[in-house]
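Biologist: Mind if I quiz you about this one? Pull it up and we'll go through it piece by piece.

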Amino acid sequence: MNQQPAISVAELDLGAAGPRLRPAPGAAEVAPGDVYALVRVDGRPAATVLGRYEEGEDPAEVLAALAAQRVADAATPRTDAERRAAEGPGPDGPPPSASVVVATRERPGSLARALDSLLAQDHPDHELVVVDNAPRTSATRDLVRVRYAGRVRYVREDRPGLAAAHNAGVAAAGGEVLAFTDDDVIADPHWLTALATPFAADPGLGCVTGLILPARLTTPAQILLESHGGFAKGFAPRLYDPARPPADEPLFPFTAGSFGSGANMAFRASALRRAGGFDPATGTGTAARGGDDLYAFVAVLAAGHRLRYAPGALVWHHHRETWQDLENQAYGYGAGLTAYLTATMVRRPALLPALLARLPRGLAHARTMTAERGGSQGGGVPGEHGTRHHPWPASLSRLERRGMLYGPLGYLRARLSRGAGR
């Protein structure tokens, strides 16, 4: 893979006093060259921008000039009805109590960084639960019980797999809202409040997902992933209602990857528990390789609950750094997609007719999703889907397709392994 310079990651605040630029949480100081910035307007995440400044220039002024058009483009007028449906009703009081579950395995350094950010949340009533998944050493337990004694709860889950770890967190948690994030994120101080507040305003809401942006863009693998979308779902709030399927998503609800990602999601505790929690035969750490979050999204929607995407709930994600990491991720995405669909058919057979009806269009969608993606001739903003600023190698597309073929087998293997089918 061709080497390319690192891209600085920053936050750009546009205010009456003039633009202010600072490094993103966990990122290095902004340096001359390319800068990827989250643009905030009145503190609210509004857009991303990619710009370049040279030595002697003011990077805040350079990026602000570029950001003005992007913010204007993002603020496309809507009808009052569309705006209300997307943004949802305002809260009548404080957000509901919340439990934050972080599953981890042998990564105490990144876990500590994540916990420090979670302890700085402005949510008034929350607890932190760390689930130590199939540990080989005592490093995670020692970290939580010594450095975070009395502030973070420790749960051990010996059955490997992200879904099993999440289910252990669900069993231990006491909040009305159960939020989940990964051990490789830094959470914005307002993250949990923004994620939990919509539940207070909408009794029919079962799940909320949020915005995921890159904490660093220092390696070619990180830059390539983010330039083809990364984990970002944009800056427009959106409501997914099974009673009113979105017209622009004919495969709904089976295009669960468009709803959000497991590094930034929350569920109404009662809704998730009634839906049976996460399928323990899915997720990283199992033969299925992934799909635990996608399964949970569809399970909650299938039960009649709504799902809301709230871009104000922001976490900064430390993407994997190497080419091998990216290859593993591509294969895992493909496997997780078809593994979750298999899990849905096995555990929710009532959805089978709807899934089969969408299958031809779904196969066409999968071919398009894994096609070789070329580079654009102009600029591109990492994290903005479809810019294709950096060519997506055919080898990664092939790995995604191979993962899709493997996913059902991986799920069945995981399900048949000891205890995974429970």
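Biologist: Which residue of strand 8 stands opposite Val101?

Modeller: Strand 5 (residues 98–104) and strand 8 run parallel and are joined by 5 bridges; a pair needs at least two bridges found by DSSP. Strands here are DSSP runs of E with at least two residues, helices are runs of H or I with at least four, and both are numbered from the N terminus. In strand 8, the residue opposite Val101 is Phe180.

Biologist: And what kind of model are we looking at?

Modeller: Residues are numbered from 1 along each chain as its sequence is written, and side-chain values use heavy atoms, with hydrogens and water left out. Local features need pLDDT of at least 70, side-chain atom pairs count only at pLDDT 80 or more, and totals for chains, interfaces and linings use all residues, since this is a predicted model.

Biologist: How many residues of strand 8 are buried?

Modeller: Buried means under 20% relative accessible area, exposed is over 50% and partly exposed is in between, with a 1.4 Å probe and protein chains only. Val177, Ala179 and Thr181 point one way, Leu178 and Phe180 the other, and all are buried. So strand 8 (residues 177–181) is mostly covered, and its buried count is 5 of 5.

Biologist: Which residue of strand 12 does Val177 stand opposite?

Modeller: Strand 8 and strand 12 (residues 264–268) run antiparallel, with 5 bridges joining them. Opposite Val177 in strand 12 you'll find Arg268.

Biologist: Over to the open sheet: what is the order of its 4 strands?

Modeller: Strand 1 (residues 8–14) runs parallel to strand 3 (residues 33–41), and 7 bridges join them. Ala10 stands opposite Ala37 in strand 3. Strand 2 (20–23) and strand 4 (44–53) each have a single partner strand, so they stand at the edges with one side lacking a neighbour in the sheet. With mixed pairing, the order is 2-1-3-4.

Biologist: Helices next. Why is helix 9 oblique to helix 10, and at what angle do they pack?

Modeller: Axes are lines fitted to C-alpha atoms, for helices over the stretch in contact, and angles between N-to-C directions run from 0 to 180 degrees. Under 35 degrees counts as roughly parallel, over 145 as roughly antiparallel, 65 to 115 as roughly perpendicular, and the rest as oblique. Helix 9 (residues 292–302) and helix 10 (residues 323–347) have axes 8 Å apart and pack at about 40 degrees. That angle is why helix 9 is oblique to helix 10, the value being about 40 degrees.

Biologist: Which residues of helix 9 make the contact?

Modeller: Contact means heavy atoms within 4.5 Å. Helix 10 brings Leu337, Tyr340, Ala343, Thr344 and Arg347, while helix 9 brings Leu294, Tyr295 and Val298.

Biologist: How close do the axes of helix 10 and helix 12 come?

Modeller: Helix 12 covers residues 394–416, and its axis crosses that of helix 10 at roughly 45 degrees. The axes come within 6 Å.

Biologist: Is Leu409 in helix 12 buried or partly exposed?

Modeller: Leu409 and Thr342 are 67 residues apart in sequence, and C-alpha to C-alpha they are 9.1 Å apart in space. With 42% relative accessibility, Leu409 counts as partly exposed.
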